Amino acid sequence: RFHHTSTPHLCSCSKTVSDEKYQDPFQLGRRDLKNLYEDIKKELLVSTAELKEMCDYYFDGKGKAFRPMIVVLMARACNIHHNNSREVQASQRSVAIIAEMIHTASLVHDDVIDDANSRRGKMTVNQIWGERKAVLAGDFILSAASVALARIGNTTIISVLTQVIEDLVRGEFLQLGSKENENERFAHYLEKTFKKTASLIANSCKAVSILGCPDPKVHEIAYQYGKNVGIAFQLIDDVLDFTSCADHLGKPAAADLKLGLATGPVLFACRQFPEMNAMIMRRFSKPGDVERARKYVLQSDGVQQTTYLAQRYCHEATREISKLRPSPEREALIQLTEMVLMRDK
């Protein structure tokens, strides 16, 4: 079902948008994300100096703010579609802030679970302050996000965004388990990928569409775009774990194998090298497993097949967002699907 022999036709932005109309998504989204990290720090009003230092550590303004940018572009695209309004509402911008806070809290907790020692090219919170304090810092960021969410004062939005927190926990539990049945394995992997990565983008996009437009069809378009881009983003992340060097990634290469995780490239490679099954079941725990599995993946077409699958998801995201009325923001969201595929870290 997931085995593809040819590259699907991609909706290339260069074909759909003339040069003068094309705008870099990061440039276009920047005006709404001005002072984003300062505003997040205002939400994290902390009495303890150490907790404040921990919370500020990842909100250093050096991240690409990929998720908030998608959220504000989606907000504008939906507002323009609905009544040609070119302003982002304060509540929609709050969703972008909350999305980044939930994402960062999940990174802090993930690093504890994975016992990771580097993230974005610097030491992790758990390495510097220890696991216990890192867990509490993640909890604190989540609680501050919840307070900001309640302040929006819309029960539908609260319901949509709290789903993200539930999905993150369920996704982490899925990642801790594994399936013996090979056929169930890929579905398990994609479900985990949706819950851990794509749910945040899908539901944040849905939330801003609800705030900007009363049409349920638009809410579904926003959700489907976010879901498909989110899954593609993680698939490429899983590819980069095999193809990018550690310095470039800002975290150790082959990190997923070392954690015992069978991602897309491994699952595809397993079809060519069935001897990997035993390694997957023991979560690459025997000496030499990680090196052997990595070698098998690079000898197989696992990386290529996972990239094809990411292209399919991006193609679907483009198909969905193209249902909205044309706008520079809509074109930027289409362009973003290509950037997801082309990224190298």
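What follows is a short exchange on two helices and a cavity in a predicted model.

Mentor: Local features in this predicted model need pLDDT of at least 70, side-chain atom pairs count only at pLDDT 80 or more, and totals for chains, interfaces and linings use all residues. Residues are numbered from 1 along each chain as its sequence is written, and side-chain values use heavy atoms, with hydrogens and water left out.

Trainee: How do you know that the end C-alpha atoms of helix H8 are as far apart as they should be?

Mentor: A helix here is a DSSP run of H or I, at least four residues, numbered from the N terminus. The expected span is 1.5 Å times one less than the number of residues. For the 22 residues of H8 (residues 131-152) that gives 32 Å, and the end C-alpha atoms are 32 Å apart, so the two agree.

Trainee: What makes the buried residues of H8 line one face?

Mentor: Buried means under 20% relative accessible area, exposed over 50%, partly exposed in between (1.4 Å probe, protein chains only). Among the buried residues of H8 are Ala134, Ile141 and Leu149. The arc is that of the directions from the helix axis to the C-beta atoms. The buried residues fall within an arc of 155°, so they line one face. On the other side, Arg132, Leu136 and Arg151 are exposed.

Trainee: Why is helix H10 called mostly covered?

Mentor: Of its 31 residues, 25 are buried.

Trainee: Where does H10 bend, and by how much?

Mentor: The bend is the angle between axes fitted to the seven residues ending at a residue and the seven starting there. At alanine 198 of H10 that angle is about 60°.

Trainee: Which helix gives the most to the lining of the largest cavity?

Mentor: H10, with four residues.

Key:
Helices (H or I, at least four residues) and strands (E, at least two) are DSSP runs, numbered from the N terminus.
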